[in-house]
Amino acid sequence: GTPLGPGDDFVQIAKGAFEAATEQQSPAQVELASFYEIHKNVPSWVDLRQLERGQDVYLKYAPAISLSLYYRSLVAGFSIPKIAAVIRSTRYLAPPSRPDQ
């Protein structure tokens, strides 16, 4: 299949795979359809008003949080020698070596 891009809507892609279920689907499409079937209904215990409030708070403060993380912790943290050694040894910032990763 086609890899997800920055503007792709994962839920819409999963819904499309669910609605177009056939025997000729790829394993990835089968997994997408299964994911959508499991998660398409919101559980009854979810408070939608509270969820919406949380989304509003996230959207309101996301730019400040992002800048704070970038300038105050991530850049500085990745430049600390011991942390940099762990990142190098675990290949944390390296791209996957296989397409399925």
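At what angle do α3 and helix α4 pack, and how many Å apart are their axes? I put this to the structure at the outset, keeping in mind that the model is predicted.

**Entry 1: α3 and α4**

I looked up the pair and found a packing angle of about 80°, with the axes 5 Å apart. Helix α4 covers residues 81–90. Angles from 65 to 115 degrees count as roughly perpendicular, and α3 and α4 are therefore roughly perpendicular to each other. I then listed the residues that meet: α3 brings G77, F78 and S79, while α4 brings P81, I83, A84 and I87. By class, I recorded five nonpolar and two polar residues in this contact, and no charged ones.

**Entry 2: α1 and α2**

I turned next to α1 and α2, which pack at an angle of about 105° with their axes 7 Å apart. That angle makes α1 roughly perpendicular to α2. On the α1 side I noted F10, V11, I13, A14, K15, A17 and F18. On the α2 side I noted Q29, L32, A33, F35, Y36 and E37. I sorted the residues of the contact by class and obtained 10 nonpolar, one polar and two charged.

**Entry 3: the largest nonpolar core**

Which residues form the largest nonpolar core? I found five: A14, A17, L32, A33 and Y36. Both α1 (10–19) and α2 (27–39) supply at least two residues of this core. I noted that α2 gives the most, with three residues.

**Entry 4: A17 and Q25**

I followed A17 further, setting aside its neighbours within four places in sequence, and found it in contact with Q25, Q29, L32 and A33. Of these, I examined Q25, which lies in the loop between α1 and α2.

Is Q25 buried or exposed? I read a relative accessible area of 15% for Q25; the limit for buried is under 20%, so Q25 is buried. I also found a polar atom of the Q25 side chain 2.9 Å from the backbone oxygen of A17. With neighbours within four places in sequence again left aside, Q25 is in contact with A17, A20 and V30.

**Entry 5: Y61**

Where is Y61 found? I located Y61 in helix α3, which covers residues 48–79. Its relative accessible area is 42%. Because partly exposed lies between the 20% and 50% limits, I recorded Y61 as partly exposed. Lastly, I compared Y61 with N41: the two are 20 residues apart in sequence and 28 Å apart in space, taken from C-alpha to C-alpha.

Methods. Residues are numbered from 1 along each chain as its sequence is written. This is a predicted model: local features need pLDDT of at least 70, side-chain atom pairs count only at pLDDT 80 or more; totals for chains, interfaces and linings use all residues. Side-chain values use heavy atoms; hydrogens and water are left out. A nonpolar core is a set of buried Ala, Val, Leu, Ile, Met, Phe, Trp, Tyr and Cys residues joined through side-chain atoms within 4.5 Å. Buried means under 20% relative accessible area, exposed over 50%, partly exposed in between (1.4 Å probe, protein chains only). Helices (H or I, at least four residues) and strands (E, at least two) are DSSP runs, numbered from the N terminus. Contact means heavy atoms within 4.5 Å. Axes are lines fitted to C-alpha atoms, for helices over the stretch in contact, and angles run from 0 to 180 degrees between N-to-C directions. Angles under 35 degrees count as roughly parallel, over 145 as roughly antiparallel, 65 to 115 as roughly perpendicular and the rest as oblique. Ala, Val, Leu, Ile, Met, Phe, Trp, Tyr, Cys and Pro count as nonpolar, Asp, Glu, Lys and Arg as charged, and the others, Gly among them, as polar. A polar contact is a pair of N or O atoms within 3.5 Å; within protein, one must be able to donate a hydrogen and the other to accept it, and residues adjacent in sequence count only if both atoms are side-chain atoms.
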